[in-house]
Amino acid sequence: MVNIVVIMNKIKPLKLGVKEFPSNIFYAPLAGCSDFPFRMMSAKFGKPGLHFCEMVKMDALIRNDIGTFHILDYAASMHPIGAQLCGSKPEIAGQAARMIEELGFDSLDLNCGCPVDKVTKDGSGSGLLREPYRVGDIVANMVAAVKIPITVKIRAGWDEDHLVFKDLVRIVELAGATAITLHARTREQGYIGNAKWPWISECVQAATKIPVIGNGDIFSPSDALKMMEETGCHGVLVARGTMGQPWIADDIRKLDAGISITEKTLADRREMLLEHLHWTKIYQNDRKALVDMRRVGCWYFPKAKGTRQFRDAIAHAASLADVEVLIKTFPFGEELGNA
Ligand SMILES: Cc1cc2nc3c(=O)[nH]c(=O)nc-3n(C[C@H](O)[C@H](O)[C@H](O)COP(=O)(O)O)c2cc1C
C-alpha cells in the first residue's frame, strides 16, 4: 500500500497590526476552562500562535477587582498571550485596554459572542450584535489607547433573521481592529447544531483589509485544515477541541506539513492529566482544585472504556490525593486512540 503524504502549507505566521504571531492557529477564550493550568499545558504541549485567557469584565477590571487579576495571571512561557474583555461601555474601553497592555498582554479581544443572559442583559457579549455601531465605538476607543493589536470575536448575528457579521467586519475595520474572529453560529443557536462554515467564507469576502479567523467545530487537526481550505479564512481559533488535547496545535502543524501524528497512549494521557493536576494545585486552593479536577478529569480520556466510571469516581473523590491515585491507577478497559 502506498502512503500518500499531503502537504497543505496553510499554517504560517499571522501579522495582526504591527505584531507577527508565530502561527495562525489560536486557542480560544473559554470561561472556566482556559485558565492558568490549562494554558501551562498548552504552552508545553502544543503552543498555539496565540493563547487566550478566559474573558474578564471591563467594569471589574477598572475597579481593580482582585479575582479579575487572578484570571489574568499568566506565565512567560504562555506568550503570545491574549486577553479578552467583555463589556458594552465605550467610555471605559480605552482605560481597560491600557490596563491590559500594562499587564504585558500581546493582544486584546472584544467579546461580542457570549450568549449568557446575565452577560447580554446589559448589552455585553452577544448583546453587542444588536448594536453594531457601539462595537465600532468600543473598538475605536481601545485602538486609540494602546499599541497592541485589538481584535473582535463575534457570532454571526442574534438569530438567523438578524445576521450582522458582514456589517460588523466593515465597522470594526474602520474602527482600527486588526482581525475578526467569527464563531459561525448565532446567539440563538448557543452551542447547538453545526457551525455554518459558509458564513466564514462570506465574512472573508466581506473583509477588505483584516484577516478573518474561523471558529466553530474544530475538534481534530483535519477539521482545522478543512475549515481553512473550504472558507479561505486566514487562521483558526480552536475552542472545545483544545479540552483534553492541549497538543492539538502541534498536531495541526504536523498534518499541514505532511508529518505523521503519533497517537497519545493511555499512559501519555494519564501523565498529562497528572501534570494538569499539578498546575491546578498550584493555581487554586484545595477546595476549588478538587471541583476543577471533576471537570478537567474526563477531558483527557474521551475514548477510553470506562470514562463514565472514571468521571463518577473523580466526582466522588474526597481529596486531591484521591484524585491523583485515580489518575494513576484507574483501570480503563482498553488503550485509546487520539481524540
Ligand atoms: C465552556 C465554554 C466557555 C467559553 N467561554 C468563552 C469566552 O470566555 N469568550 C469567548 O469569546 N467565547 C467563549 N466560548 C466560546 C468559544 O470560544 C467558541 O467560540 C465556541 O465554543 C465555538 O467553537 P467550538 O465549536 O470549536 O467549540 C466558550 C465556550 C465554551 C464551551
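In the predicted model, residue A177 is in contact with V139, I150, T151, V152, V172 and I210, when neighbours within four places in sequence are left aside. A177 is situated in the loop that connects α7 (165–175) with β8 (179–183). Despite this loop position, A177 is classed as buried, because 27 other C-beta atoms lie within 10 Å and the threshold for burial is 20 or more. The C-alpha atoms of A177 and C114 are separated by 19 Å in space, and the two residues by 63 positions in sequence.

At the level of the whole protein, the secondary structure consists of 14 helices and 10 strands. The radius of gyration is 20 Å, which agrees with the value near 20 Å expected for a compact globule of 339 residues. The C-alpha trace extends over about 55 × 55 × 40 Å along the principal axes. Of the 339 residues, 49% count as buried. Among contacts with a separation of 6 or more, 71% are formed by residues 24 or more positions apart.

Strand β4 (residues 50–57) is largely enclosed by the rest of the structure, since seven of its eight residues are buried. Strand β4 pairs with β3 in the parallel sense over two bridges, and F26 is found opposite L50 of β4. Strand β4 also runs parallel to β5 (residues 81–86), to which it is joined by five bridges. Within this second pairing, K57 has C86 of β5 as its bridge partner. The loop between α3 (66–71) and β5 contains P80, and the peptide bond joining H79 and P80 is cis, with omega of about -5°.

Helix α9 (residues 221–231) has P221, A224, M227, M228 and T231 as buried residues. These residues lie on the same side of α9, because they cover an arc of only 135° around the axis. The elements that cover the buried residues of α9 include the strands β3 (25–27), β9 (212–215) and β10 (235–238), together with the helices α8 (197–206) and α10 (248–257). Thus β3, which pairs with β4, is also among the elements covering α9. Immediately after α9, G232 adopts a positive phi of about 75°.

Positive phi values also occur at two residues that are not glycine. For D217, phi is about 65°, and the residue is placed in the loop between β9 and α9. D217 counts as buried, with 21 C-beta neighbours inside 10 Å. For N64, phi is about 55°, and the residue belongs to the loop between α2 (58–62) and α3. N64, in contrast to the buried D217, is exposed, with 9 other C-beta atoms within 10 Å.

The ligand is surrounded by 22 residues, of which A28, P29, M55, A239 and R240 are the closest. By residue class, this shell comprises 10 nonpolar, eight polar and four charged residues. M55, one of the closest residues to the ligand, falls within the range of strand β4 (residues 50–57).

Terms used:
Residues numbered from 1 in each chain as written. Predicted model: local features only at pLDDT ≥ 70, side-chain atom pairs only at ≥ 80, totals over all residues. Buried ≥ 20, exposed ≤ 12 C-beta atoms within 10 Å, placed from the backbone. Helix = DSSP H or I, 4+ residues; strand = E, 2+ residues; numbered from the N terminus. Arc of directions from axis to C-beta. Contact = placed C-beta atoms within 7 Å. Near = placed C-beta within 6 Å. Nonpolar A, V, L, I, M, F, W, Y, C, P; charged D, E, K, R; others polar. Rg over C-alpha atoms; globule rule 2.2 N^0.38 Å. Pairing = 2+ DSSP bridges.
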